[in-house]
Each structure stands twice: as structure tokens, then as C-alpha cells.
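Subject: Structure handover and what was found in it

Dear colleague,

Please find the structure below, with the sequence beside it. My notes follow, and I would be glad if you read them with the model open.

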Amino acid sequence: MSTAAGFTYSGERFDRYFSDFAANYHFSDMYSGGFYHYDTLEEYWAYWSRYIYVNRYMDAPTDLYDRLLALG
């Protein structure tokens, strides 16, 4: 369901929000970034705080969840 709603973890969405991490740490998707061994806790939490913000608090890329809610 999340993928259908546009919550993809690689490609254009990853590039838009995580290009700085991709350039510095050379991973190509959000999933891999979650397992990366960062040198400092600041780097670790910088990644995870952005990940949480982008995937939990930002609106879904499509209106799929809104349409599903309207069915109820």
C-alpha cells in the first residue's frame, strides 16, 4: 500500500531528499541508509530524523490514502 501511495525508498524520491547522504556515503536508497555505520551519532541521527520526517510527517506523494479514507 505504501509503495502504491508513492512512498518509494529509491529513485527520484530518494534523490530529492537524500542526495547529500548518497554523495557522502554512497548508498542508493533509504533502506540501505538505515543500516549504514555512521562515524558519529550526529550523522546517524541526522539521517534518521530526516527519514522519519520524510516518511511519517510529510504528506503522501499521491492521494491514495485520502481516497481510501473517503470510502469509510
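I begin with D63, which is partly exposed, with a relative accessible area of 41%; here buried means under 20% relative accessible area, exposed over 50%, and partly exposed in between, calculated with a 1.4 Å probe on protein chains only. The side chain of D63 meets that of R67 in a salt bridge, at 3.6 Å from N to O, and R67 also counts as partly exposed, at 48% relative accessibility. By salt bridge I mean a side-chain nitrogen of Lys or Arg within 4 Å of a carboxyl oxygen of Asp or Glu.

Before going further, please keep in mind that this is a predicted model, in which local features need pLDDT of at least 70 and side-chain atom pairs count only at pLDDT 80 or more, while totals for chains, interfaces and linings use all residues. Residues are numbered from 1 along each chain as its sequence is written, and side-chain values use heavy atoms, with hydrogens and water left out.

As for the overall picture, the secondary structure of the protein chain comes to 4 helices and 0 strands, where helices (H or I, at least four residues) and strands (E, at least two) are DSSP runs numbered from the N terminus. The C-alpha atoms fill a box of roughly 45 × 20 × 15 Å along the principal axes, and buried residues make up 28% of the 72 residues in the chain. If contact is taken to mean heavy atoms within 4.5 Å, then residues 24 or more positions apart account for 53% of the contacts with a separation of 6 or more.

Returning to the salt bridges, the structure holds 3 of them. In one, R16 pairs with E12, the closest N and O atoms being 2.6 Å apart; the two residues are 4 apart in helix α1 (residues 12–25), and are therefore separated by about one helical turn. In another, R50 pairs with D20, with 2.7 Å between the closest N and O atoms, and this pair links distant parts of the chain, since R50 is in helix α3 and D20 in helix α1, 30 residues apart. Both partners are partly exposed, R50 with a relative accessible area of 26% and D20 at 34%.

The largest nonpolar core, meaning a set of buried Ala, Val, Leu, Ile, Met, Phe, Trp, Tyr and Cys residues joined through side-chain atoms within 4.5 Å, is made up of 10 residues: F14, F18, F21, Y25, F27, M30, Y38, Y47, Y51 and V54. Helices α1 and α3 each supply at least two residues of this core, and α1 gives the most, with 4 residues. Y38, one of the core residues, touches F21, Y25, F27, G33, E43, Y44 and Y47 when residues up to four places away in sequence are not counted.

Helix α1 deserves a second look, as there is a kink of about 90° in it, centred on F18; the bend at a residue is the angle between axes fitted to the seven residues ending there and the seven starting there. The buried residues of α1 are R13, F14, F18, F21 and Y25, and they pack against α2 and α3. Just after α1, H26 takes a positive phi of about 65°, although most residues other than glycine have a negative phi. H26 is exposed, with a relative accessible area of 68%.

D29, in the loop between α1 and α2 (30–33), is buried yet has no salt bridge, and the nearest side chain of opposite charge, R13, is 11 Å away; for this purpose Lys and Arg count as positive and Asp and Glu as negative, with His and the chain ends not counted. A polar atom of the D29 side chain does, however, lie 3.1 Å from the backbone nitrogen of Y31.

Finally, P61 is found in the loop between α3 (41–57) and α4 (64–71) and is partly exposed, at 47%. Leaving aside neighbours within four places in sequence, P61 is in contact with A5, G6, F7 and R13, and its C-alpha atom is separated by 9.3 Å from that of T8, 53 residues away along the chain.

With best wishes

Definitions and conventions
Polar contact = N/O pair within 3.5 Å; in protein donor to acceptor, adjacent residues only side chain to side chain.
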